[in-house]
Amino acid sequence: MQKKIYKKWQIKKLVTWFLGIILCGGIFLQYTTWTLYQDKVAEDKYWRGALLESPVDEEKAIALSQSATKVTVGTCVESLKEINMKNSYYRVAFKVWFKWRGDKSLDLANNFHVYNGTISKMEIITDETVNGVNYQLCSVDVNVFKNFWTKRFPLESHQLRFYIEPSYTIDEVVFEGDIENCEINSSVSIAGYELKRFANGVHTNEYESTYGMPDQEKGSYTSEFMTQMELNRSGFGLYLKCFIALFGTSLWVFIMVILCTYHRIDPLSMIPAALFGTVSNIMIGANLLPDALEIGLLEYVNAWGILTILCGALIIININRIRTKYNDNKFAALFGRILSMLLIFIVILGHIVMPIAAYL
């Protein structure tokens with residue numbers, strides 16, 4: 001049996017397209033997976049950094065707080081009522097307590113606020129003095145502004161923080177954390193997320209503005225008690241919802257390329273419908289996010305789908321061109337088989353490695 005000898009243009013065409021698909025797909029996947037992975041691993045650094053003391057003039061803060069009343073503060077998170085990424089806030093219900101010796105007129109229950117938050121309901125549950133210790137326990141329902149990170153949406157995690165700040169400056173009141181008694185309700189849950197970790201810390205905050213106060217060169221110092229929680233997507237349900245139509249159009253492209261490979265037909269007219277379906281699919285995830293968002297997993301996967309369709313269309317065009325210009329059905333079939341299998345492999349690989357790189 002005589003061995004098939006391929007012409008120079010055939011080898012050049014096949015090798016060029018083979019390497020071109022690998023190179024373009026590889027560069028795209030390397031960039032996207034590295035970006036998503038770096039964003040994922042940065043979460044731990046961000047978590048630890050939030051527990052560290054804020055950078056302030058420590059000597060001045062200590063000097064100012066020498067005669068301040070030491071107030072022990074703690075929180076118990078009872079429920080997360082809402083996470084609204086579209087409008088950049090979350091709603092949390094918690095209990096906060098204050099304990100201190102000395103001047104009862106401080107009345108911390110009526111002299112605190114939640115930084116970047118709007119308290120919708122606050123109830124004083126306990127207000128008593130026992131053996132010289134003043135104790136106040138409050139139930140609070142608050143909406144807290146949060147600029148959500150969306151790079152890994154819809155497989156993202158969120159770190160939610162709120163800061164209890166007194167109406168007094170640090171020369172009057174200094175917070176001390178009642179860390180051992182702080183907790184989060186073990187049954188806390190919100191649809192689509194699971195709680196990963198919980199922590200508290202005390203910070204010293206320096207305001208940049210003096211608000212025009214006379215004889216004051218720098219902004220005032222206050223003490224803050226911070227509570228933070230980290231939530232992670234509980235599964236791939238939303239991810240599938242966002243991309244189910246995209247997966248369907250990609251499968252349709254694979255079928256068209258394979259049909260063109262093994263049968264002398266031209267399915268190119270079906271490509272626009274697949275492209276329209278993919279572009280329409282982008283709106284599903286976009287409607288769940290703020291208008292100003294980071295470019296991330298949502299855009300990467302949709303771009304991958306568009307590239308899949310365009311690449312499939314170019315393969316079909318080349319198969320038909322080989323058949324019409326060179327009247328070479330055997331090489332057209334070989335070209336189609338190799339590139340269609342390569343396309344299927346690299347597209348599926350992308351749909352595996354991108355979510356793995358993003359999911360915490």
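**Exercise 1. Find the volume of the largest pocket and work out what lines it.**

Start with the size: the largest pocket holds about 360 Å³. Here a pocket is an open set of points on a 1 Å grid over the protein atoms alone, with protein on both sides within 12 Å along at least five of seven lines, while a cavity is a set of points where a 1.4 Å probe fits but cannot get out; lining residues have an atom within 4 Å of a point. Points are joined across faces, edges and corners, and a volume is the space filled by probe spheres set on them.

Before going on, keep in mind that this is a predicted model: local features need pLDDT of at least 70, side-chain atom pairs count only at pLDDT 80 or more, and totals for chains, interfaces and linings use all residues. Residues are numbered from 1 along each chain as its sequence is written, and side-chain values use heavy atoms, with hydrogens and water left out.

Next, the wall. It has 15 residues, and Tyr115, Asn116, Phe145, Arg161 and Tyr163 lie nearest the centre. Strands S5 (133–145) and S6 (157–166) each put in at least two, with S6 giving the most, 4 residues. Helices (H or I, at least four residues) and strands (E, at least two) are DSSP runs, numbered from the N terminus.

Then sort by type: 8 are nonpolar, 4 polar and 3 charged. For this tally, Ala, Val, Leu, Ile, Met, Phe, Trp, Tyr, Cys and Pro are nonpolar, Asp, Glu, Lys and Arg are charged, and the others, Gly among them, are polar.

Finally, look at the backbone of Asn116: its phi is positive, about 60°, although Asn116 is not a glycine. Asn116 sits in the loop between strands S3 (112–114) and S4 (117–130).

**Exercise 2. Do the lining analysis for the second largest pocket.**

The volume comes out at about 290 Å³. Of its 16 lining residues, Ile21, Cys24, Gly25, Leu307 and Cys311 are closest to the centre.

Now the elements: H1, helix H5 (297–325) and helix H6 (329–358) each supply at least two residues. H1 gives the most, with 7.

By type, the lining has 12 nonpolar residues, 4 polar and no charged.

**Exercise 3. Which rings does the Phe28 and Trp304 pair bring together, and how are they arranged?**

The structure holds 16 aromatic pairs. Take Phe28 and Trp304: the ring centres are 5.3 Å apart and the planes meet at 15°, so the pair is stacked. The rule is that rings of Phe, Tyr and Trp (its six-membered ring) pair if their centres lie within 6.5 Å; planes under 30 degrees apart are stacked, over 60 edge-to-face, and the rest tilted.

As for location, Phe28 is in helix H1 and Trp304 in helix H5, so to speak a link between distant parts of the chain, 276 residues apart.

**Exercise 4. Describe the largest cavity.**

The count gives 1 cavity of 30 Å³ or more. About 40 Å³ of space lies in the largest one.

Its lining is Glu43, Tyr46, Lys146, Trp149, Ser157, His158 and Gln159. H1 and S6 are the elements that give two or more residues, and S6 has the largest share, 3.

The types split into 2 nonpolar, 3 polar and 2 charged.

**Exercise 5. Examine the loop between S5 and S6, starting from Arg152.**

A search of the whole structure turns up 10 salt bridges. The cut-off is a side-chain nitrogen of Lys or Arg within 4 Å of a carboxyl oxygen of Asp or Glu.

Arg152 pairs with Asp39, the closest N and O atoms being 2.9 Å apart. Asp39 is in helix H1 and Arg152 in the loop between S5 and S6, 113 residues apart, and the pair links distant parts of the chain.

Last step: the peptide bond from Phe153 to Pro154 is cis, with omega near 10°. Pro154 lies in that loop between S5 and S6 too.
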